[in-house]
Amino acid sequence: MRLGLDIGGTKIEAVVLNTQGEVMYRERCATAKESYQDFFLNVVKVIETASAAVQSRLSIGLGIPGAVDGEGLIKNSNILVLNQQPFARDLEQYLAMPVAVTNDANCFTLSEAMDGSGKGYRVVFGVILGTGCGGGLCIDNHLISGPNACAGEWGHNALPRYDPRQDGEAIKCYCGQLNCIESFISGSGLERQYTQRFTHHESVPAIVKRLESADAGVRALWDQYCNQLARSLAGVVNTLDPDVIVLGGGVSNIEYLYPDLQQRVAEYVFGKQCNTPIVRAQHGDSSGVRGAAWLGAQISVPKVMA
């Protein structure tokens with residue numbers, strides 16, 4: 001049995017999958033983040049509760065906001081008490097068993113590669129178009145991390161072919177770089193560009209409603225957004241040439257995204273062809289926690305939990 005935890009800034013979701021990928025147990029609770037100790041004990045309680053509920057030995061995988069650096073410390077997490085902590089090592093010592101920890105975009109990608117929209121493809125690039133712009137890379141159903149633990153972090157490359165006349169004024173990302181892809185094609189990036197153009201804020205769903213009403217100004221904004229996304233994905237194709245690109249996150253649910261996206265990407269791909277399918281995630285919001293469960297199963301055969 002495979003236990004996966006999707007840990008976010010407000011909630012923790014846990015699922016247990018059997019060997020066929022069927023959900024045998026699911027639970028959600030609030031994330032305790034007043035201190036690292038509170039957070040740690042909160043996670044341990046979730047794990048112990050799941051183990052008791054299914055009465056079976058479990059492998060354990062966790063998806064977190066942030067990454068694990070070369071020394072095993074958490075970095076770049078919006079759960080601030082988690083940063084610079086040896087979270088996986090602490091869990092392994094407490095539970096006396098292997099624990100796999102990676103970022104949420106990697107979990108999403110693994111989930112879709114294992115039994116989602118990327119199933120059957122050898123090289124899968126996963127993209128989350130949500131509040132941020134995460135990414136992950138799977139080859140033969142195994143995540144690629146890299147020596148810097150940043151494989152798939154395409155959102156913090158500069159927007160290709162940036163032109164202020166087309167893309168608007170330069171924007172400094174929270175990471176310290178200028179004009180990161182995330183600043184333009186994430187859901188918050190789309191909202192930012194809407195505000196820049198129309199001088200008031202709207203959410204992504206409200207922007208889509210205006211798009212459906214044939215608002216000419218919003219259609220021009222949407223065309224600009226799709227062009228930015230196409231330029232960005234073309235960089236992935238030119239660098240990795242994956243067998244499939246799977247999109248997740250809130251923006252991926254917009255139907256208008258898909259009809260001509262592959263053709264748009266082809267305009268910027270070397271050779272002016274794009275044979276890479278660009279598809280929506282099969283498991284939606286559940287992909288993160290499912291991927292965490294699959295990840296835990298890959299690290300080793302676990303011991304029976306006490």
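**The largest pocket**

Begin with the lining of the largest pocket, whose residues divide into 11 nonpolar, 20 polar and nine charged. The structure on the screen is a predicted model. Select the lining, which has 40 residues, and then highlight Pro65, Asp104, Ala105, Ile128 and Gly132, the lining residues that lie nearest the centre of the pocket. The space inside this pocket is about 1500 Å³. Strand S1 (2-7), strand S2 (11-17), helix H3 (104-115) and strand S9 each give two or more residues to the lining. The largest share, three residues, comes from H3.

**Helix H3**

Select H3 next, residues 104-115. Is this helix largely enclosed by the rest of the structure, or largely open? Because 10 of its 12 residues are buried, H3 is largely enclosed by the rest of the structure. The buried residues are Ala105, Asn106, Cys107, Phe108, Thr109, Leu110, Ser111, Glu112, Ala113 and Asp115. Place a distance marker between the end C-alpha atoms of H3: they are 17 Å apart, in agreement with the 16 Å that 12 residues should span at 1.5 Å a residue.

**The largest nonpolar core**

In soluble globular proteins, nonpolar side chains tend to be buried together. Which residues have the most contacts inside the largest nonpolar core? Select Trp154, Tyr225, Leu257 and Val265, which hold that position in a core of 41 residues. Colour next the elements that give two or more residues to this core: strand S8 (123-129), S9, helix H5 (182-185), H6, H7, helix H8 (216-240), strand S11 (244-248) and helix H9 (261-266). H8 provides the largest share, 11 residues.

Now centre the view on leucine 257. Residues up to four places away in sequence being left out, leucine 257 touches Leu129, Trp222, Tyr225, Cys226, Leu229, Leu247, Val251 and Ser252. Elsewhere there is a second, separate core of 30 residues, which includes Leu3, Ile7, Tyr36 and Val43.

**Helix H6 and the residue after it**

Move to H6, which has 12 residues. The distance from its first C-alpha to its last is 17 Å, close to the expected 16 Å. Select Gly187, Gly189, Leu190, Glu191, Gln193 and Tyr194, the buried residues of H6. These buried residues pack against S8, helix H4 (164-167), H5, H7 and H8.

Just after H6 comes threonine 199, with a positive phi of about 65°. Threonine 199 has this positive phi although it is not a glycine. The residue is found in the loop between helix H6 (187-198) and helix H7 (204-212). Is threonine 199 buried or exposed? Its relative accessibility is 71%, so threonine 199 counts as exposed.

**Asparagine 141**

Select asparagine 141, in the loop between strand S9 (133-139) and strand S10 (142-143). Asparagine 141 is not a glycine, yet it has a positive phi of about 65°. Its relative accessibility is 28%, and asparagine 141 therefore counts as partly exposed.

**Valine 279 and tyrosine 268**

Go on to valine 279 in strand S12, residues 278-280. Valine 279 has a relative accessible area of 26% and is therefore partly exposed. Mark the C-alpha atoms of valine 279 and serine 117: although these residues are 162 residues apart along the chain, the two atoms are separated by 7.0 Å. Show also the contacts of valine 279 beyond four places in sequence, which are Ser117, Val244, Ile245, Val246, Leu247 and Tyr258.

Tyrosine 268 is located in the loop between H9 and S12. Its contacts, with neighbours within four places in sequence set aside, are Arg161, Asn227, Ala230, Arg231, Ala234 and Asn238. Mark the distance to isoleucine 7, which is 261 residues away along the chain: the C-alpha atoms of the two residues are separated by 36 Å.

**Helix H10**

The tour ends at helix H10, residues 287-299. How many of the 13 residues of H10 are buried? The count is 10, so H10 is largely enclosed by the rest of the structure. Select Ser287, Gly288, Val289, Arg290, Gly291, Ala292, Ala293, Trp294, Leu295 and Gly296 to display these buried residues. The end C-alpha atoms of H10 are 19 Å apart, which agrees with the 18 Å that 13 residues should span at 1.5 Å a residue.

How values were computed. Residues are numbered from 1 along each chain as its sequence is written. This is a predicted model: local features need pLDDT of at least 70, side-chain atom pairs count only at pLDDT 80 or more; totals for chains, interfaces and linings use all residues. Side-chain values use heavy atoms; hydrogens and water are left out. Helices (H or I, at least four residues) and strands (E, at least two) are DSSP runs, numbered from the N terminus. Buried means under 20% relative accessible area, exposed over 50%, partly exposed in between (1.4 Å probe, protein chains only). A nonpolar core is a set of buried Ala, Val, Leu, Ile, Met, Phe, Trp, Tyr and Cys residues joined through side-chain atoms within 4.5 Å. Contact means heavy atoms within 4.5 Å. On a 1 Å grid over the protein atoms alone, a cavity is a set of points where a 1.4 Å probe fits but cannot get out, and a pocket is an open set with protein on both sides within 12 Å along at least five of seven lines; lining residues have an atom within 4 Å of a point. Grid points are joined across faces, edges and corners, and a volume is the space filled by probe spheres set on the points. Ala, Val, Leu, Ile, Met, Phe, Trp, Tyr, Cys and Pro count as nonpolar, Asp, Glu, Lys and Arg as charged, and the others, Gly among them, as polar. The expected span of a helix is 1.5 Å times one less than its number of residues.
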